[in-house]
Each structure stands twice: as C-alpha cells, then as structure tokens.
Amino acid sequence: PSASPSAASSDATHNDADVTFAQGMIPHHQQAIEMSDMLLGKQSIDPEVISLADEIKNAQGPEIEQMQSWLEQWGAPLEGQGHNMDMGTSMAPGSSPMPSMMGMMSPEQMQQLRDAQGAEASRLFLTQMIEHHRGAIAMAKTEIQDGQSPEAIALARQIVTDQESEIARMQQLLNNP
C-alpha cells in the first residue's frame with residue numbers, strides 16, 4: 001500500500017456520471033472565475049460583492065485542478081463528447097444549452113457584465129452568478145445521485161453546500177443595496 005489513499009480511491013471506483021460531472025463542472029467553474037475576474041477589474045464595486053467574487057475564485061480554482069486530476073487518473077478527456085464548451089458560438093439560434101451546462105452565461109450576457117460599471121455591474125454579477133450557481137447545484141445533485149467516485153460525490157456535496165450559502169448571501173446583497 002504505497003499509493004496515497006486519494007489516488008487509490010480515485011482509481012478504484014468511478015463511472016460515466018463522475019466523468020460527465022467533472023467534464024461539465026470544469027468549464028462551468030472556469031466561467032465563474034472569468035465573471036469574478038471581470039467584476040474585480042472594475043471601479044466602484046460594493047466591497048461585499050468584491051469579497052464574494054474573491055471567495056468564488058479561491059474556492060473554484062483548486063476544484064478545477066482536482067477535477068482535471070481525476071479525469072487524468074480516469075483516462076478521460078478534459079472535455080466531454082458532444083458538449084459545446086464555448087456555450088453559444090456554434091449553437092443554433094434559439095437552441096438551449098445542454099442540460100449538463102445549466103446556468104452558463106451566454107456570450108451576450110458575458111458582454112453585458114463586461115460593459116457594466118459600478119452598482120449596475122454589482123447587480124448584474126449577483127443576478128448572473130445566482131443563476132450560474134443554481135446550474136452548478138443541479139449538476140452537483142446529479143453527481144450525488146448518479147456518481148460512484150467517493151471523492152467526486154464529496155466535492156459535489158461541498159459545491160451544493162458552498163453555493164447554496166453563496167446564493168443566500170447574493171440574494172441578501174440584492175435585496176439590501
């Protein structure tokens with residue numbers, strides 16, 4: 001037993017749901033970090049919103065690395081087959097994103113956030129991130145239900161807990177400007 005416990009358990013049990021979860025959550029988290037970076041680059045943003053954006057980045061960056069590591073251990077590609085990871089550039093007009101990518105912002109929504117300033121940027125970030133988090137929670141709940149990897153299920157549970165708490169904070173910030 002010279003292998004580390006985490007490597008051993010990752011190799012031992014995983015299924016397609018675990019792979020799909022990691023492949024879908026990586027670009028989902030990457031977009032949340034991109035949204036946070038956009039907000040953090042602006043002036044006149046509520047300090048509580050800045051704090052929240054920093055927390056999102058600090059939590060989701062290491063989670064991306066963990067999921068990339070699992071996919072590597074599992075011999076799975078970083079991107080799923082048939083998923084449009086760019087969300088919007090090659091989708092037919094009027095079509096909706098893959099269910100596994102729920103909560104992803106469209107290129108137009110990302111541009112709105114990029115263009116917004118001050119209180120409007122804070123409001124847009126909060127409303128978009130609530131929707132984004134709801135999508136991540138739905139994806140995580142699917143993993144909890146269908147996944148096999150104990151580590152992936154544990155991360156999914158953590159995502160649900162963290163992001164439900166962040167949604168409550170974001171709703172409070174929106175309701176008490």
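**Glutamine 60, the enclosed cavity and the nonpolar core**

Glutamine 60 lies in helix 3 of this structure, which is a predicted model. With a relative accessibility of 3%, glutamine 60 is classed as buried, because residues under 20% relative accessible area fall into that category. When residues up to four places away in sequence are set aside, the contacts of glutamine 60 are with His29, Ala32, Ile33, His133 and Gln163.

Glutamine 60 also takes part in the lining of the largest cavity, together with Ile56, Ala59, Glu63, Ile159, Asp162, Gln163 and Glu166. Helix 3 and helix 6 are the elements that contribute two or more residues to this lining. By character, the lining residues comprise three that are nonpolar, two that are polar and three that are charged. The volume of the largest cavity is about 50 Å³, and a search of the whole structure returns one cavity of 30 Å³ or more. Gln163 thus appears both among the contacts of glutamine 60 and in the cavity lining.

The largest nonpolar core contains 43 residues, of which Phe21, Met67 and Phe125 touch the most other members. Two or more residues of this core are supplied by each of helix 2 (16–40), helix 3 (47–73), helix 4 (107–115), helix 5 (118–146) and helix 6 (150–175). For methionine 67, again leaving out residues up to four places away in sequence, the contacts are Phe21, Ala22, Met25, Ile26, His29 and Leu155. His29 is accordingly touched by methionine 67 and is also listed among the contacts of glutamine 60.

Note on methods:
Residues numbered from 1 in each chain as written. Predicted model: local features only at pLDDT ≥ 70, side-chain atom pairs only at ≥ 80, totals over all residues. Heavy atoms only, no water. Core = buried A, V, L, I, M, F, W, Y, C linked by side-chain atoms within 4.5 Å. Buried < 20%, exposed > 50% of the residue type's maximum accessible area, 1.4 Å probe, protein only. Helix = DSSP H or I, 4+ residues; strand = E, 2+ residues; numbered from the N terminus. Contact = heavy atoms within 4.5 Å. 1 Å grid on protein atoms, 1.4 Å probe; cavity = no way out; pocket = protein on both sides within 12 Å on 5 of 7 lines; lining within 4 Å. Points joined across faces, edges and corners; volume = space filled by probe spheres on them. Nonpolar A, V, L, I, M, F, W, Y, C, P; charged D, E, K, R; others polar.
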